[in-house]
Amino acid sequence: MFASLASSNIVTCIVGMTTFWLLLGLFTRFRRRTPPGPWGFPLLGCLPHLIFTKKSIRTVFQNWYLKYGPIYNLKLGTANVVVLCDYRSVKEALVRPEFQDRARLDFLLDRAGAGVVLSNGRVWQEQRRFVHQHFRDFGIGKSSFEDAVATEAKCLTDALLKFDGQSVSIERLINNAVSNVIASVTFGRRFNYDDKSFQTVLEKFNENMEASMLRFGLSVFLPITKYLPFGGSSGIRENLRTYFNFHDDMTSEHKSKFDESNTRDMMDAYLNEIKKNRGNSLSDIFNDDNMSWTIADLFTAGTETTSTTLLWAFLFLLKNPEVEARIREDLDSVIGRNRLPRYSDRQNLPYVEAVLSECLRLGTTSGLSLPHVASCDSTLEGFEVPKGTLLVPNFHAVFTDNDKWERPHEFRPERFLDKEGNFIKREDFIPFGAGRRLCIGEQLARMELFIFLTYILQHMTFSIPEGTTPPPDRGIDGFTHKPRPYNVFVKKCSV
Ligand code: HEM
């Protein structure tokens, strides 16, 4: 009897607390002009809505958008989150100075230091300035750098041609090729496609990028789960350790051959920066720990995004062979088969530019972008945004907004062309973000996408392997939105 009395008291207590929580939520929302949004459980907020559903996060977020409008509010664990689903609010949030911070993912920090992506304040400014400076010195965006990208595109093309007449998954090769471009910027070298230890590093990176939002979400929004076996953050940390071991080998190699008068790559430039600032106020900012995070950030942010966009590009071309045929026609008439494409050719290849933009739009590689954090109490579009709020730009919703894009779920590169066939750069299309946190690698990524795509299409065609069904447009939502694994049938083009 005592047991049943106790359990009925517990139930009453839970019901009472939940009612109090819901009323408090409603009252606060009303009083503070908080955006509307889904109700949440005490302490857990809306996490259960995301955990106990078979739907993807993208779909759940889209349903809330349809129900609550383009700006909605939810609690994830203890974090206050505002999701932005239209161009106007996203653009405003991305450029406003008080929304430029990031949330620290402390559960990742087995290793001290901070890089670019997740740092704030002076550390972020200085790391970002350093990377920009180095990209400029290295010639990114200029023809001098194109040779490094072109060399890699040639290696990738040759590797793919070995599968002439066969069906193959292109993911691993593309991933390796794209990360080789970053490796040549940071470490001054590339890694063969059969280099086992580099393959392991890439696999671990991929695992982290693909780690379900759930694993990351729980560790970020409910930090206590990091102590539980199902919390999942230990796997993420373990994967990072593999990268840092590789990074430490690169650092030792660079330190042993360091010559300040001969800067071979970004790591040399960083070691120079550390030496230059020894003993002054920047010595805390330029050190070995921050160097490892800054370079890790370039690998993480630069490899997965670009290779995923290329995978979307080939997937859309497989399903729209007439688009691939038109690209090849344009390549033949502008470049021919006797020379390789140059980045400067893009001015005469507006259709290729349009196809790449359409892949960035419909594939929406960075579907929920990287959340920003409000550094003080503020307002957005008439709603109050308290300090510490996480602002999530929902690019999925923005890039498929019916008011802005005609038949948004169709693959139609023509939407980026005017009547004369010239490429239109649309202001309201911001796959690389905007404002002071704008993607640092945009120029590099655009160059890579153009060169890799045109090199491959100049040399081979991809088609859906016989007896298989076309790959689905619905991707996997990890940190990026990535196509499900698919194979292509490779056929060498006659020269
Ligand atoms: C198709 C390829 C890419 C896409 C779609 C993409 C997209 C983005 C987006 C949406 C952001 C967040 C911007 C914001 O917070 O407002 C971002 C940030 C960033 N990206 Fe990229 N990116 C790509 C390639 C690259 C490459 C190649 C690199 C470097 C080599 C890179 C490095 C970074 C870094 C370091 C940040 C953080 C910037 C900061 O917090 O200050 N990205 N990217």
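Okay, so Met-460 stands opposite Lys-492, and that lysine sits in strand E11. Keep in mind that what we have here is a predicted model. The pairing behind that contact is between strand E8, residues 460-463, and E11, antiparallel, over 4 bridges. E11 itself covers residues 488-492, and it has another antiparallel neighbour: strand E3, residues 167-168, joined to it by 2 bridges. On that side, Val-168 has Val-488 of E11 as its bridge partner. So much for the strands.

Now, going up the sequence from E3, you get helix H7, residues 171-186. Is its length what you'd expect? Let me put that as a "what" instead: what should 16 residues span at 1.5 Å a residue? The expected figure is 22 Å, and the end C-alpha atoms of H7 are 23 Å apart, so the two agree. H7 is also mostly covered, with 14 of its 16 residues buried. Just after the helix there's Gly-188, and that glycine takes a positive phi of about 70 degrees.

Right, the iron. Which protein atom is the donor to the iron atom of the ligand? That's Cys-439, through its SG, at 2.3 Å, and it's the only protein donor. If you're looking for Cys-439 on the screen, go to the loop between helix H15, residues 395-398, and helix H16, residues 442-459. Cys-439 counts as partly exposed, because its relative accessibility is 31%, and the buried class stops under 20%. Compare that with another cysteine: Cys-359 is buried, at a relative accessible area of 0%.

Since we're on cysteines, how many disulfides are there? The count comes to 0. Just as a reminder, a disulfide is a covalent bond between the sulfur atoms of two cysteines.

One more residue I'd like to show you is Thr-251, in helix H10, residues 233-256. Buried or exposed? Thr-251 counts as buried, because its relative accessibility is 8% and the cut-off is under 20%. Leaving aside residues up to four places away in sequence, Thr-251 touches Met-267 and Met-291.

Okay, zooming out to the chain. We've got 16 helices and 11 strands. There are 495 residues, and 52% of them count as buried. If you take the contacts with a separation of 6 or more, 73% are between residues 24 or more positions apart. And on the outside, the chain exposes about 23,100 Å², with carbon and sulfur atoms supplying 56% of that.

How values were computed. Residues numbered from 1 in each chain as written. Predicted model: local features only at pLDDT ≥ 70, side-chain atom pairs only at ≥ 80, totals over all residues. Heavy atoms only, no water. Donors = N, O, S within 2.8 Å, 3.2 Å for Na, K, Ca; no water. Disulfide = S-S within 2.5 Å. Buried < 20%, exposed > 50% of the residue type's maximum accessible area, 1.4 Å probe, protein only. Contact = heavy atoms within 4.5 Å. Areas by Shrake-Rupley, 256 points an atom, 1.4 Å probe, with all protein chains shown as cover. Expected span 1.5 Å × (residues − 1). Pairing = 2+ DSSP bridges.
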